[in-house]
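This report goes through a two-chain model by region. The sequence and the structure are shown first, and the description follows.

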Amino acid sequence: MDEVTQRVEALLPLTPAAFQILLALAGGERHGYGILREVAESTGGKLRLGPGTLYRSIKQLLEAGIIEESDERPDPALDDERRRYYRLTALGERVARAEAEHLARLVEKARARRLLPEAGAAPVRGGA
Amino acid sequence: MPRRFGGGHLVALSARLYRALLLAYPPRFRRAFGDEMARVFRDSCREAVTRRGPPALVPLWLGTLRDLAISAAGEWRGSPAISQRRAHAILRGRTRRRQMMRRRNFDPFDALRRFWRGVARSPRRRVAPSVALYGPGARLNERDRFTGFTERARLVLSLSQQEAQRLHHTHMGAEHLLLGLIREGDGVAAQALRALGVDLDAARTRVEFIIGRGDHEGTGDIGLTPRAKQVVELAASEAHRRGHHYVGTEHLLLGIADEGQSIGAGVLHEYGVGPDEAGAAVERVLRGRGGPDGAGT
């Protein structure tokens, strides 16, 4: 196992907040508020990160080399204040992929134990 | 850019209030991310008010206060936020407090060592196991860590351990080092701290308020937290930078201030003492004394 793989493995499993941040950044670089909105949307409003949790995670993701600052610029959709943008690093992409695979394996297991419908099948509704 | 929404003043007020609350975070974290956090909160307020009107600020505030309490506590403790696995802590050179707590569990090797020490030394010594940190019984790497320490600095380590024991803490962090420095009383650091208005009782109360008291008296060695190790390393590099061939109490104080993230640094910060203030105070004491701490010891 090479050193990078070891570094990736040592980070898993990620906290839900960290994984959601990586998911948001997998769609392209974003600033803090952009990440927050993306996370709220993709979880149907269930996971609402506060600024503290968001930036604690960002700080540690930066330290671990998973994300990096890309730029400081205004967001045309908001106002003309400068915001810091973040993006995934190559290591970050590997971490996100490894975590997704890890979750996929869990889902597979859940299917095997009939906790979830078979892949491709419509979700079970009612007593059918 | 003009934007139409009711409750604009509520958004501005919320943003100002939140900015003030950011004081709950460690200074270094606040300096790095405070502006961004305030901006994110203000953006959230704006969106909430535009979409659902001013009452939407109430749940937003409740959620944010909860987030503030949890994340500020986590940041002071330095606990990992991105990985659920402990190994991650090792990767980044940090350890969770919980891991420290686990040391309380029975360890046959440690018990044997303590028994041996009890046989080999007088009971007086056994009461202060602090000696084991840097005395002849110390593990080699711990002894290495303290090479070049002045007698006074060693005394501070011993006092710091007593402070940790007094609070029933199972580890020795920068906060205990700070208490040790104040308690020592005569060293350059103690004098500088006195000049800065930091006194023992108040500092003790703050430390106890922030981390609380352990459940029962710790047994055996009290190890340094990763942060305290960093403080010791920074102290050594402060000494080196100043061309001092020893590590004195003043360097330990500067180490705590330089590291900046520990509870010890937080307490200093409450007195308005950062690296610059500490450096200046140490300089003043050294000038007044006409020589550094290591001179006589």
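## Strands of chain A

Strand E2 (residues 67–74) of chain A and strand E3 (82–88) run antiparallel and are joined by seven bridges. In this pairing, Glu69(A) has Tyr86(A) of E3(A) as its bridge partner. E3(A) also pairs with strand E1 (residues 30–31) of chain A, again in the antiparallel sense, over two bridges. There, Arg30(A) stands opposite Tyr86(A). Tyr86(A) is thus named in both pairings, with Arg30(A) in one and with Glu69(A) in the other.

The coordinates are those of a predicted model.

## Composition of the two chains

Chain A contains five helices and three strands. Read from the N terminus, its elements follow the order α-α-β-α-α-β-β-α. Buried residues account for 32% of the 128 residues of chain A. Of the contacts in chain A between residues at least 6 apart in sequence, 49% link residues at least 24 apart.

Chain B has 17 helices and two strands. Of its 297 residues, 40% are buried. Among the contacts in chain B with a separation of 6 or more, 70% are between residues 24 or more positions apart.

## The side of chain A that touches chain B

How many residues of each chain are in contact with the other chain? The count is 31 residues for chain A and 29 residues for chain B. On the chain A side, at least two residues each come from helix H1 (3–11), helix H3 (32–42), helix H4 (51–63) and strand E3 (82–88). H4(A) gives the largest share, with 11 residues. By residue class, the chain A side consists of 14 nonpolar, seven polar and 10 charged residues. E3(A), which pairs with E2(A) through seven bridges, is therefore also one of the elements that supply this side, as are H1(A), H3(A) and H4(A).

One helix pair across the two chains can be described in detail. H4(A) packs with helix H3 (residues 57–77) of chain B at an angle of about 35 degrees, and the axes are 7 Å apart. From H4(A), the contact uses Pro51(A), Gly52(A), Thr53(A) and Arg56(A). From H3(B), the residues are Thr64(B), Asp67(B), Leu68(B), Ser71(B), Ala72(B), Gly74(B) and Glu75(B). This contact holds three nonpolar, five polar and three charged residues.

## Two helices of chain B

Helix H2 (residues 27–52) of chain B has 26 residues, and at 1.5 Å a residue they should span 38 Å; the end C-alpha atoms lie 35 Å apart, which agrees. H2(B) nevertheless bends by about 60 degrees at Phe33(B). Gly53(B), which follows H2(B), has a positive phi near 85 degrees.

Is helix H16 (residues 263–270) of chain B largely enclosed or largely open? Six of its eight residues are buried, so the rest of the structure largely encloses H16(B). A residue counts as buried when 20 or more other C-beta atoms lie within 10 Å of its own. The buried residues of H16(B) are Ile263(B), Gly264(B), Ala265(B), Gly266(B), Val267(B) and Leu268(B). Their cover includes H3(B), helix H11 (174–184), helix H13 (200–211) and helix H15 (249–259) of chain B. H3(B) is thus among the elements that cover H16(B), and H3(B) also packs with H4(A). Just after H16(B) comes Gly272(B), with a positive phi of about 75 degrees.

## Backbone geometry

Most residues other than glycine have a negative phi, and most peptide bonds are trans. The table lists backbone angles at four residues with positive phi.

| Residue | Phi |
|---|---|
| Gly53(B) | near 85 degrees |
| Gly272(B) | about 75 degrees |
| Arg114(A) | about 60 degrees |
| His168(B) | about 60 degrees |

Arg114(A) is not a glycine and sits in the segment after helix H5 (90–112) of chain A. Arg114(A) is exposed, with 8 other C-beta atoms within 10 Å. His168(B), also not a glycine, lies in the loop between helix H10 (151–166) and strand E1 (171–172) of chain B. His168(B) counts as partly exposed because it has 13 C-beta neighbours inside 10 Å.

A cis peptide bond runs from Leu12(A) to Pro13(A), with omega near -5 degrees. Pro13(A) is placed in the loop between H1(A) and helix H2 (16–26) of chain A.

How values were computed
Residues are numbered from 1 along each chain as its sequence is written. Chains are lettered from A and ligands numbered from 1 in the order in which they are written. This is a predicted model: local features need pLDDT of at least 70, side-chain atom pairs count only at pLDDT 80 or more; totals for chains, interfaces and linings use all residues. Helices (H or I, at least four residues) and strands (E, at least two) are DSSP runs, numbered from the N terminus. A residue is buried if 20 or more other C-beta atoms lie within 10 Å of its own, exposed if 12 or fewer, and partly exposed in between; C-beta atoms are placed from the backbone. Two residues are in contact if their C-beta atoms, placed from the backbone, lie within 7 Å. Ala, Val, Leu, Ile, Met, Phe, Trp, Tyr, Cys and Pro count as nonpolar, Asp, Glu, Lys and Arg as charged, and the others, Gly among them, as polar. The expected span of a helix is 1.5 Å times one less than its number of residues. The bend at a residue is the angle between axes fitted to the seven residues ending there and the seven starting there. Axes are lines fitted to C-alpha atoms, for helices over the stretch in contact, and angles run from 0 to 180 degrees between N-to-C directions. Two strands pair if DSSP finds at least two bridges between them.
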